[in-house]
Amino acid sequence: MAKLKLGVLISGRGSNLKALIDACKGDDFPAEIVLVIANLPGAGGLGYAEEAGIPVQVIHHRDFPDRERFEDELHQSLKRAGVELVCLAGFMRLLTENFVNRWWDRLINIHPSLLPAFRGLHTHERVLEYGARFTGCTVHFVRPAMDDGPIIAQAVVPVALDDDAESLAERVLREEHTIYALAVRMIAESRVRVVQDRVVAQGASAPRGALISPILHRHGPRGSRNPHDAKAR
Ligand code: GRF
């Protein structure tokens with residue numbers, strides 16, 4: 001079957017992009033990256049794309065007189081490349097309603113907290129300051145409000161007593177890399193529908209024992225202690 005064509009938008013180091021590139025290398029992975037766009041010329045992640053032979057483009061927002069024209073350029077490039085799903089991966093520009101509407105339910109983002117908690121920047125610092133015992137990450141469809149939209153997948157990460165923002169970011173990032181590929185796979189396999197602005201997932205399964213949702217069944221098969229080991233019955 002034809003693979004779903006992804007366009008990935010980045011601004012920085014691109015570790016989530018790298019995780020998607022690695023996932024796409026799997027023969028059975030149902031998506032491929034056809035274009036990577038950075039809005040900053042020095043974005044480190046561009047190197048990962050180039051290494052993998054994926055076309056890259058720099059569309060520097062400063063080269064455009066306003067957001068609309070910057071986003072028009074993004075839109076045209078994505079269309080030209082035949083992109084079917086846009087993945088924001090550390091893309092640090094807020095997108096206008098106009099752009100979001102053009103890619104409605106075909107535009108996803110990864111955020112390093114358990115949304116709707118801790119939207120915005122500096123999530124790990126704020127989680128620690130608040131004293132939350134759990135944090136995590138979320139992949140969601142993008143809506144015009146910041147870090148808002150139907151949730152596709154989340155992973156939960158416990159906060160350790162001796163965590164600082166850096167150590168927490170590192171553990172959350174590891175889970176980001178897992179759930180971004182999981183969410184893309186689910187969409188590419190048409191196992192995700194948005195109904196009344198909420199995601200209904202079918203036949204979901206998480207790849208390993210971390211607390212990742214959606215899972216297939218509320219309870220694993222009899223005797224199984226880990227719901228993620230559940231197999232369809
Ligand atoms: C990640 O923590 C992601 O959740 C957030 O920005 C960061 C990007 O990291 N939106 P990277 O560029 O993918 O390494």
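## Polar contacts to the ligand

A ligand nitrogen sits 3.0 Å from a polar backbone atom of isoleucine 110, which makes a polar contact (a pair of N or O atoms within 3.5 Å). This is a predicted model, where local features need pLDDT of at least 70, side-chain atom pairs count only at pLDDT 80 or more, and totals for chains, interfaces and linings use all residues. Residues are numbered from 1 along each chain as its sequence is written, and side-chain values use heavy atoms, with hydrogens and water left out.

A ligand oxygen is 2.8 Å from a polar backbone atom of glycine 14. On the side-chain front, glutamate 176 puts an N or O atom 2.7 Å from an oxygen of the ligand.

## The shell around it

Arg13, Gly14, Ser15, Asn16, Gly90, Ile110, His111, Pro112 and Glu176 surround the ligand, counted by having a heavy atom within 4 Å of it. By type, that's two nonpolar, five polar and two charged residues, with Gly counted as polar.

Helix H1 (15-25) and strand S5 (107-111) each chip in at least two shell residues; both are DSSP runs, helices being H or I with at least four residues and strands E with at least two. Domain 1 (1-103) and domain 2 (110-204) each give at least three, with bounds from an automatic or database domain assignment.

## Around glutamine 154

Over in strand S7 (residues 151-158) you'll find glutamine 154. The Gln154 side chain has a polar contact with the side chain of threonine 138 at 2.9 Å, and one of its polar atoms lies 3.1 Å from the backbone oxygen of leucine 115; within protein, one atom must be able to donate a hydrogen and the other to accept it, and residues adjacent in sequence count only if both atoms are side-chain atoms.
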